Amino acid sequence: MKVEIDENSGFCFGVVNAIAKAEEELQHGTLYCIGDIVHNSLEVERLKNLGLSTIDHEEFARLKTCRVLFRAHGEPPSSYELAERNGIEVIDASCPVVLNLQKKIREAYEGGKADGVQIVIYGKRGHAEVNGLVAQTNDEALIVEGEEDLKSIDFARPVILFSQTTKSLDGFKRIVELVKENARSSVVVNDTICRKVANRIPQLKEFAVQHDVILFVSGEKSSNGKQLFEVCRGVNPRTYFVQGVGDLRDDMFEGVSSVGISGATSTPRWVMEEIREKLKDKN
């Protein structure tokens with residue numbers, strides 16, 4: 001049985017950078033991180049064993065004179081202000097793509113207030129990145145998850161549209177199309193989807209059809225993982241969602257000569273390699 005890892009899968013730059021910073025800073029003592037550093041329980045557990053403590057915003061507000069890592073998703077301005085007040089050293093691992101998007105949204109909001117401009121963000125409500133984006137607008141931006149949310153937009157007013165970096169390009173195009181159809185004032189579109197994520201879809205489809213079975217490796221919390229898993233399954237029905245070697249079953253591989261292993265932008269390479277080695281042992 002041939003087993004191949006998708007070379008385009010695994011951590012994006014933002015996650016690689018955040019984990020590298022965490023590993024480096026853990027050599028110098030206690031380090032906290034607001035939220036899971038990555039949506040993968042196995043990687044979170046690995047870093048926990050190295051000393052990384054995951055906290056929420058309430059716990060963060062009670063800390064003083066310590067070191068806290070801001071993960072790749074980015075943080076709202078209030079987190080930086082609180083850190084300064086409480087003598088907290090910030091290890092900023094925010095993804096540069098996210099930081100640039102935060103800046104664009106802040107400038108659009110400040111520049112458009114006098115004209116009644118609405119900032120609209122295509123993204124997942126409650127997602128850490130989206131929370132940080134909305135905070136750039138004093139929490140006034142409208143979040144659109146799907147077509148049903150368009151009713152919250154006042155189409156008589158100007159609209160400036162952005163997207164969460166990890167959203168589907170096709171989904172964003174559809175929202176843009178509908179906003180323009182309904183608009184009775186100006187619409188400015190900012191395509192802010194990270195191409196590292198968007199380009200994965202055609203690459204993944206090509207990889208998925210080359211194998212009898214696809215093992216898509218992802219944490220259950222990863223929205224990117226869920227999206228890419230469905231892409232895989234759409235072209236190869238024998239696609240299985242697994243978190244690690246513990247999810248492998250013999251029936252997955254009956255009559256199979258080729259297995260492809262792929263993963264989300266939050267999936268560690270070592271987990272995929274562990275699965276590959278397990279399958280080689282089966283051989």
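Where is the place of Thr65? Let's start there and work outwards.

## Two residues with positive phi

Thr65 sits in the loop between helix H3 (57-62) and strand S4 (67-70). Keep in mind as you look that this is a predicted model. The backbone at Thr65 has a positive phi of about 40 degrees, although Thr65 is not a glycine. With a relative accessible area of 67%, Thr65 is exposed, because anything over 50% counts that way.

Now look at Asp139, in the loop between H6 and strand S7 (142-144). Its phi is near 60 degrees, a positive value in a residue other than glycine. Asp139 counts as exposed too, at 58% relative accessibility.

## The largest nonpolar core

In soluble globular proteins, nonpolar side chains tend to be buried together. Here the largest nonpolar core has 18 residues. Which of them touch the most other members? They are Leu31, Ile37, Leu52 and Leu69. Helix H1 (13-26) and strand S2 (31-34) each supply at least two residues of this core, and H1 gives the most, with 5 residues. Apart from this core lies another one, made of 17 residues, among them Tyr240, Leu248, Phe253 and Val271.

Leu31 is a handy place to zoom in. Setting aside residues up to four places away in sequence, Leu31 touches Ala22, Glu25 and Leu26, then Gly51, Leu52 and Ser53, and also Arg67, Val68, Leu69 and Ile91.

## H1 against H2

Two packed helices are described by the angle between their axes and the distance between the axes. For H1 and helix H2 (residues 41-49), the angle is about 20 degrees and the axes are 10 Å apart. Angles under 35 degrees count as roughly parallel, so H1 and H2 are roughly parallel to each other. Their crossing is left-handed.

Which residues in H1 meet H2? On the H1 side they are Ile19, Glu23 and Leu26, and their partners in H2 are Glu43, Arg46 and Leu47. Sorted by type, the residues of this contact come out as 3 nonpolar, no polar and 3 charged.

## H9 against H10

Further along the chain, helix H9 (residues 200-208) packs with helix H10 (residues 223-235). Their axes are 9 Å apart and make an angle of about 40 degrees, so H9 and H10 are oblique to each other. H9 passes H10 in a right-handed crossing.

From H9, the residues making this contact are Arg200, Ile201, Leu204, Lys205 and Ala208. From H10, they meet Gln227, Leu228, Val231, Cys232 and Val235. How do the residues of this contact divide into nonpolar, polar and charged? There are 7 nonpolar, 1 polar and 2 charged.

## Three buried residues

Ser79 lies in helix H4 (residues 77-85). Is Ser79 buried or exposed? With 2% relative accessibility, Ser79 counts as buried, since the cut-off is under 20%. Leaving out residues up to four places away in sequence, Ser79 touches His57, Phe60 and Phe70.

Gly123 belongs to the loop between strand S6 (118-122) and helix H6 (128-134). Its relative accessible area is 0%, so Gly123 is buried. Not counting residues up to four places away in sequence, Gly123 touches Val130, Ile143, Val144, Glu145, Gln164 and Lys167. As for distances, the C-alpha atoms of Gly123 and Arg157 are separated by 21 Å, with their positions 34 residues apart along the chain.

Finally, Leu101 is found in helix H5 (residues 96-112). Leu101 is buried, with a relative accessible area of 2%. Its contacts, leaving aside neighbours within four places in sequence, are Glu129, Leu133, Phe162, Ser163, Thr165 and Thr192. Leu101 and Gln164 are 63 residues apart in sequence, while in space they are 8.6 Å apart, C-alpha to C-alpha. Gln164 is also one of the residues that Gly123 touches.

Definitions and conventions. Residues are numbered from 1 along each chain as its sequence is written. This is a predicted model: local features need pLDDT of at least 70, side-chain atom pairs count only at pLDDT 80 or more; totals for chains, interfaces and linings use all residues. Side-chain values use heavy atoms; hydrogens and water are left out. Axes are lines fitted to C-alpha atoms, for helices over the stretch in contact, and angles run from 0 to 180 degrees between N-to-C directions. Helices (H or I, at least four residues) and strands (E, at least two) are DSSP runs, numbered from the N terminus. Angles under 35 degrees count as roughly parallel, over 145 as roughly antiparallel, 65 to 115 as roughly perpendicular and the rest as oblique. A crossing is left-handed if the near helix is turned anticlockwise from the far one by less than a right angle, and right-handed if clockwise. Contact means heavy atoms within 4.5 Å. Ala, Val, Leu, Ile, Met, Phe, Trp, Tyr, Cys and Pro count as nonpolar, Asp, Glu, Lys and Arg as charged, and the others, Gly among them, as polar. A nonpolar core is a set of buried Ala, Val, Leu, Ile, Met, Phe, Trp, Tyr and Cys residues joined through side-chain atoms within 4.5 Å. Buried means under 20% relative accessible area, exposed over 50%, partly exposed in between (1.4 Å probe, protein chains only).
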